[in-house]
Amino acid sequence: MDAPRAGLNALIAQCRKLEAALPQQDGPAMSAAMHRFVAEMDARRAPPGMWSPLVLAVLVMTGGLGVGIGVLSLLLRAAGPALAAFALVLVCAVTALALAIGVVAFMGGHAFGLVVLKRLALGLIAIGFLGVIAWTQGDVRAVGPVVALLAGLGAWLVLNSNGFYVFAGYQMARRYGAWGVRGLWGRVGS
């Protein structure tokens, strides 16, 4: 018998499996365990791990600012201050957009959001690591890459925390339960 897998990839795989099962259900088919889980989470003042999207957002935006600072320091000498400032704003805007897409999809109970958030964290780690290498060669200042690397590592730790797993499971269970209710109302109204 295989032991259950742990980690962010296992969570994404479970969410995808649940999403694949959604269209095959023809009514409210939530299991009793899922009902108990959602009821227990709803009874609390705040579900465990509810802090995780906020902390994740702060860390990813900080990492995006770190990447922007690294790009700014690279372009400041070569392209001038106007283009460097534009690049900083562009990097921050793209990071904010990707973060918004990931968080909204995650909060809606979609596995796609988890994949986006995972790729954001890994991207920040990779860019920060490459920036630190560039800093050792004397190409950029250390502040931006170090901020990006540390924020990416922090985001990765949040994504792999137990609180985040519980909250992600809660969001998926709420979506699954809501689908069952919509499926029931769709049949009753026709």
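Okay, so let's start with Trp51, which sits in the loop between helix H2, residues 32-43, and H3. Keep in mind that we're looking at a predicted model here. Is this tryptophan buried or exposed? Well, Trp51 comes out at 43% relative accessibility, so it counts as partly exposed. Now, who does Trp51 touch, once we leave aside its neighbours within four places in sequence? The answer is Val158, Ser161 and Gly163. Take Gly163: Trp51 and Gly163 are 112 residues apart in sequence, and their C-alphas are 8.2 Å apart in space.

That brings up the chain as a whole. Among contacts with a separation of 6 or more, 77% are between residues 24 or more positions apart. As for secondary structure, we have 7 helices and 0 strands, so to speak α-α-α-α-α-α-α when you read along the sequence. The chain has 190 residues, and 39% of them count as buried. About 10700 Å² is exposed, with carbon and sulfur atoms supplying 69% of that.

Right, on to H3 itself. This helix has 28 residues and spans 38 Å from first C-alpha to last, close to the 40 Å you'd expect at 1.5 Å a residue. Have a look at its buried residues: they include Gly63, Gly64, Gly66, Gly68 and Gly70, and also Leu56, Val60 and Val67. Ser52, Pro53 and Ser73 are buried as well. Just after H3 you hit Gly80, which has a positive phi, near 100°.

So what does H3 pack against? Two packed helices are described by the angle between their axes and the distance between the axes. For H3, residues 52-79, and H5, residues 111-136, the axes come within 10 Å and cross at roughly 35°. The crossing is left-handed. On the H3 side we have Leu56, Val60, Gly63, Gly64 and Val67, and they meet Leu117, Leu120, Leu124 and Ile127 of H5. Sorted by type, the residues of that contact are 7 nonpolar, 2 polar and no charged.

Staying on H5, there's one more residue I'd like to show you, and that's Lys118. Why does this lysine count as buried? Because Lys118 has 19% relative accessibility, and the cut-off for buried is under 20%. Which residues does Lys118 touch, not counting those up to four places away in sequence? On one hand there are Leu8, Asn9 and Ile12, and on the other Trp156 and Leu159.

That's what I had; let's pull up the model and talk.

Conventions:
Residues numbered from 1 in each chain as written. Predicted model: local features only at pLDDT ≥ 70, side-chain atom pairs only at ≥ 80, totals over all residues. Heavy atoms only, no water. Axes fitted to C-alpha atoms, helices over the stretch in contact; angles between N-to-C directions. Helix = DSSP H or I, 4+ residues; strand = E, 2+ residues; numbered from the N terminus. Left-handed = near helix turned anticlockwise from the far one by under 90°. Contact = heavy atoms within 4.5 Å. Nonpolar A, V, L, I, M, F, W, Y, C, P; charged D, E, K, R; others polar. Buried < 20%, exposed > 50% of the residue type's maximum accessible area, 1.4 Å probe, protein only. Areas by Shrake-Rupley, 256 points an atom, 1.4 Å probe, with all protein chains shown as cover. Expected span 1.5 Å × (residues − 1).
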